[in-house]
Amino acid sequence: MPEGARSRLVVLAGPTAVGKGTIAACIRAEYPQIWISVSATTRPPRPGEVDGIHYWFVSEAEFDAMVEGDELLEWAVVHGVHRYGTPREPVEEHLAAGDPALLEIDLQGARQVRSRMPEALFCFLAPPSWRELTRRLVGRGTEDAEERERRMSTAQLELAAESEFDVTIVNRRVRQACGELVDLLLPGPR
Ligand code: 5GP
């Protein structure tokens, strides 16, 4: 692997509903030169989600096989229900090719990547306030009340972890936060 290639890996984490997915979508649409890892998950697809683009939607047995085969760079049970993991090989291939690469994962996953690839840059996406985070989670309307409660309690723990990260980006406006993240992935004038 060329010297410094791995420094192009940025790991983006942050509390639920802070807008990680929206930021990733902005990058996907506008910066095709940035590769975004596609995670495997046992969660069923939401309307509009496409297998192989938003996630690899896999069965419990398929996920087990990926874990047993050591095919995942990291994986975690997120919000106490479904499993999510980052397929290792595509990450290694893109970094070896020198592509800027982005992982959008949860805090537990970010900690695992930190121990396996400490040279990556760890970026925390923060909400402007707790109130705004609650508003976004309710406004999204994709979770029922029980799931929202579960996600808010995870979010409280996640917010407390900000100091573990190299950089914080506050997601006030999507375009601005996306630009700040792109500056980390594509340093230098564009
Ligand atoms: P959602 O179900 O809303 O798409 O995602 C739920 C959470 O799972 C988000 O916090 C997201 O960052 C996290 N997540 C997505 N992919 C991965 C992954 O590959 N590994 C880990 N650890 N978390 C992930």
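The ligand sits in the largest pocket of what is a predicted model, and that site is a convenient place to begin. Of the 16 residues around the ligand, those that come nearest are Lys-20, Ser-39, Arg-43, Tyr-55 and Tyr-84. Sorted by class, this shell around the ligand holds seven charged, five nonpolar and four polar residues, and strands E5 and E6, the latter spanning 82-87, each supply at least two of the residues in the shell.

Individual polar atoms can then be followed into the site. Ser-39 places a polar side-chain atom 2.6 Å from an oxygen atom of the ligand, while a polar side-chain atom of Thr-86 lies 3.3 Å from an oxygen atom of the ligand. For Arg-151, an N or O atom in the side chain is 3.4 Å from an oxygen atom of the ligand. The ligand taken alone exposes 510 Å², and the protein buries 94% of that area.

Away from these contacts, the backbone offers two residues to inspect. Ala-17 has a phi near 65°, which is a positive value in a residue other than glycine, and its place is in the loop between strand E1 (9-13) and helix H1 (20-30). Ala-17 counts as buried because its relative accessibility is 12%, where the cut-off for buried is under 20%.

Asp-70, also a residue other than glycine, has a positive phi near 55°, and lies in the loop between helix H2 (60-68) and strand E5 (72-78). With a relative accessible area of 45%, Asp-70 is therefore partly exposed.

Terms used:
Residues numbered from 1 in each chain as written. Predicted model: local features only at pLDDT ≥ 70, side-chain atom pairs only at ≥ 80, totals over all residues. Heavy atoms only, no water. Helix = DSSP H or I, 4+ residues; strand = E, 2+ residues; numbered from the N terminus. Buried < 20%, exposed > 50% of the residue type's maximum accessible area, 1.4 Å probe, protein only. Near = heavy atom within 4 Å. Polar contact = N/O pair within 3.5 Å; in protein donor to acceptor, adjacent residues only side chain to side chain. Areas by Shrake-Rupley, 256 points an atom, 1.4 Å probe, with all protein chains shown as cover. 1 Å grid on protein atoms, 1.4 Å probe; cavity = no way out; pocket = protein on both sides within 12 Å on 5 of 7 lines; lining within 4 Å. Sits in = over half its atoms within 2 Å of the grid points. Nonpolar A, V, L, I, M, F, W, Y, C, P; charged D, E, K, R; others polar.
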